[in-house]
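The following exercises concern one protein chain. Please study the sequence and the model, attempt each task, and then read the worked solution.

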Amino acid sequence: METIIAYMESLNPILAALYATLFTWGVTALGASLVFFFNKMNRAFFDGMLGFTGGVMVAASFWSLLAPGIEMSPGEGFVKVIPAVVGFTLGAFFLFGLDKVLPHLHVNFKMDEKEGIKTPWHKSTLLTLAITLHNIPEGLAVGVLFGAAAAGIEGASIGGAVALAIGIGLQNFPEGFAVAMPLRRQGLSKWKSFNFGQLSAAVEPIAAVLGAWAVLTFEPILPYALSFAAGAMIFVVVEEVIPESQQERFTDIATMGFIGGFIVMMTLDVGLG
């Protein structure tokens with residue numbers, strides 16, 4: 001792990017963010033590849049991993065994004081938290097707007113429950129877009145954190161950015177499978193199901209590069225950018241991830257998955273960051 005962190009420190013932060021999110025994309029593809037070996041998805045496992053995803057995202061939002069964002073903000077008392085409040089609010093509203101506009105359908109939901117603007121798009125596309133919506137703030141968070149660490153901002157480190165990428169990668173594994181398996185059950189070939197599953201994370205490297213470039217180019221926005229990514233992730237957790245995990249009878253498994261995800265991400269961030 002020390003070798004990986006040292007290597008990332010030697011890279012241009014934009015390139016480091018790209019490599020980190022290519023890893024998270026690859027883990028998504030690895031999860032989607034399970035469609036070649038299994039014919040069905042265990043709902044209890046899926047709900048547990050959804051909970052894990054939520055735990056990782058909530059922990060990352062605080063330990064990796066909000067805490068360093070507040071720490072690097074100027075001023076004292078209530079003034080010090082203003083950038084975090086503004087950025088967090090803007091991030092949540094940004095995802096709120098995407099959620100209302102982007103056509104998407106959540107796993108195990110019926111076609112008449114699709115969200116966003118009305119469209120004749122196929123269910124496979126809508127399922128892929130639902131997971132893509134999750135991945136936009138995740139890629140953005142990784143990129144912003146690499147940019148913050150490269151700028152030498154107190155509270156941000158390459159180790160923390162690597163920890164965030166690992167945590168996101170872990171929770172991306174079930175997401176790839178969650179897209180691929182329902183498509184396979186609808187009659188798509190294994191190869192097409194895999195492609196749709198891995199494609200859902202293609203947005204992460206794009207968002208990461210944009211995030212890293214933005215904070216390096218406009219350094220004063222750093223506290224706002226970190227909080228923006230946190231607000232976007234928390235919105236996704238509350239609006240999408242938790243409700244999906246509570247659809248069936250495995251709510252306790254989902255809850256324990258959430259606790260596990262939070263502990264794993266917190267441990268990674270504190271241990272490496």
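**Exercise 1. Determine how the lining of the largest cavity divides by class, and which residues and helices form this lining.**

*Solution.*
Step 1. By class, the lining comprises 6 nonpolar, 2 polar and 2 charged residues. Here Ala, Val, Leu, Ile, Met, Phe, Trp, Tyr, Cys and Pro count as nonpolar, Asp, Glu, Lys and Arg as charged, and the others, Gly among them, as polar.

Before continuing, note the basis of the work. This is a predicted model, in which local features need pLDDT of at least 70 and side-chain atom pairs count only at pLDDT 80 or more, while totals for chains, interfaces and linings use all residues. Residues are numbered from 1 along each chain as its sequence is written, and side-chain values use heavy atoms, with hydrogens and water left out.

Step 2. A cavity is a set of points, on a 1 Å grid over the protein atoms alone, where a 1.4 Å probe fits but cannot get out; lining residues have an atom within 4 Å of a point. Grid points are joined across faces, edges and corners, and a volume is the space filled by probe spheres set on the points.

Step 3. The structure holds 1 cavity of 30 Å³ or more, and the largest cavity has a volume of about 60 Å³.

Step 4. The residues that line the largest cavity are Phe46, Met49, Leu50, Thr53, Ile131, His134, Pro174, Glu175, Ala178 and Glu244. Two or more of the lining residues come from each of helix 3 (43-71), helix 5 (123-150) and helix 6 (158-185). Helices (H or I, at least four residues) are DSSP runs, numbered from the N terminus. The most is given by helix 3, with 4 residues.

**Exercise 2. Ser64 and Phe52 are found in helix 3. Decide whether Ser64 is buried or exposed, and do likewise for Phe52.**

*Solution.*
Step 1. Buried means under 20% relative accessible area, exposed over 50%, and partly exposed in between (1.4 Å probe, protein chains only).

Step 2. Ser64 has 1% relative accessibility and therefore counts as buried. Phe52 is also buried, because its relative accessible area is 14%.

Step 3. Contact means heavy atoms within 4.5 Å. Not counting residues up to four places away in sequence, Ser64 touches Ala59, Leu145, Leu164, Leu226, Met265 and Asp269. With neighbours within four places set aside, Phe52 is in contact with Leu170, Gln171, Gly257, Phe258, Gly260, Gly261 and Val264.

**Exercise 3. Identify the residues with the most contacts inside the largest nonpolar core.**

*Solution.*
Step 1. A nonpolar core is a set of buried Ala, Val, Leu, Ile, Met, Phe, Trp, Tyr and Cys residues joined through side-chain atoms within 4.5 Å.

Step 2. The largest such core has 63 residues, and those with the most contacts inside it are Met8, Leu65, Phe146, Ile158, Val162, Leu164 and Met265. Its largest share, 12 residues, comes from helix 6. A second, separate core of 5 residues includes Ile131, Val179, Leu183 and Leu188.

Step 3. Beyond four places in sequence, Phe146 touches Met8, Pro13, Ala16, Ala17, Ala20, Ile158, Ala161 and Val162.

**Exercise 4. For Glu239, Leu15 and Val85, state the helix and the degree of exposure.**

*Solution.*
Step 1. Glu239 is part of helix 9 (residues 222-245). Its relative accessibility is 32%, so Glu239 counts as partly exposed. Between Glu239 and Phe96, 143 residues apart in sequence, the C-alpha to C-alpha distance is 8.9 Å.

Step 2. Leu15 belongs to helix 2 (residues 13-32) and is partly exposed, at 31% relative accessible area. Leu15 and Phe146 are 131 residues apart in sequence, with 9.5 Å between their C-alpha atoms.

Step 3. Val85 lies in helix 4 (residues 78-101) and is partly exposed, at 46%. Val85 and Ser227 are 142 residues apart in sequence and 7.5 Å apart in space, C-alpha to C-alpha.

**Exercise 5. Which residues does UniProt list for "transmembrane region", and how much helix does the chain hold over residues 16-38?**

*Solution.*
Step 1. The unreviewed UniProt entry lists residues 16-38, 45-66, 78-98, 194-215, 221-238 and 250-268. UniProt positions are given in the numbering used here, feature names are shortened, and annotations may be inferred rather than shown by experiment.

Step 2. Over residues 16-38 the model is 74% helix and 0% strand (strands are DSSP runs of E, at least two residues). The end C-alpha atoms of this stretch are 34 Å apart.

Conventions:
On a 1 Å grid over the protein atoms alone, a cavity is a set of points where a 1.4 Å probe fits but cannot get out, and a pocket is an open set with protein on both sides within 12 Å along at least five of seven lines; lining residues have an atom within 4 Å of a point.
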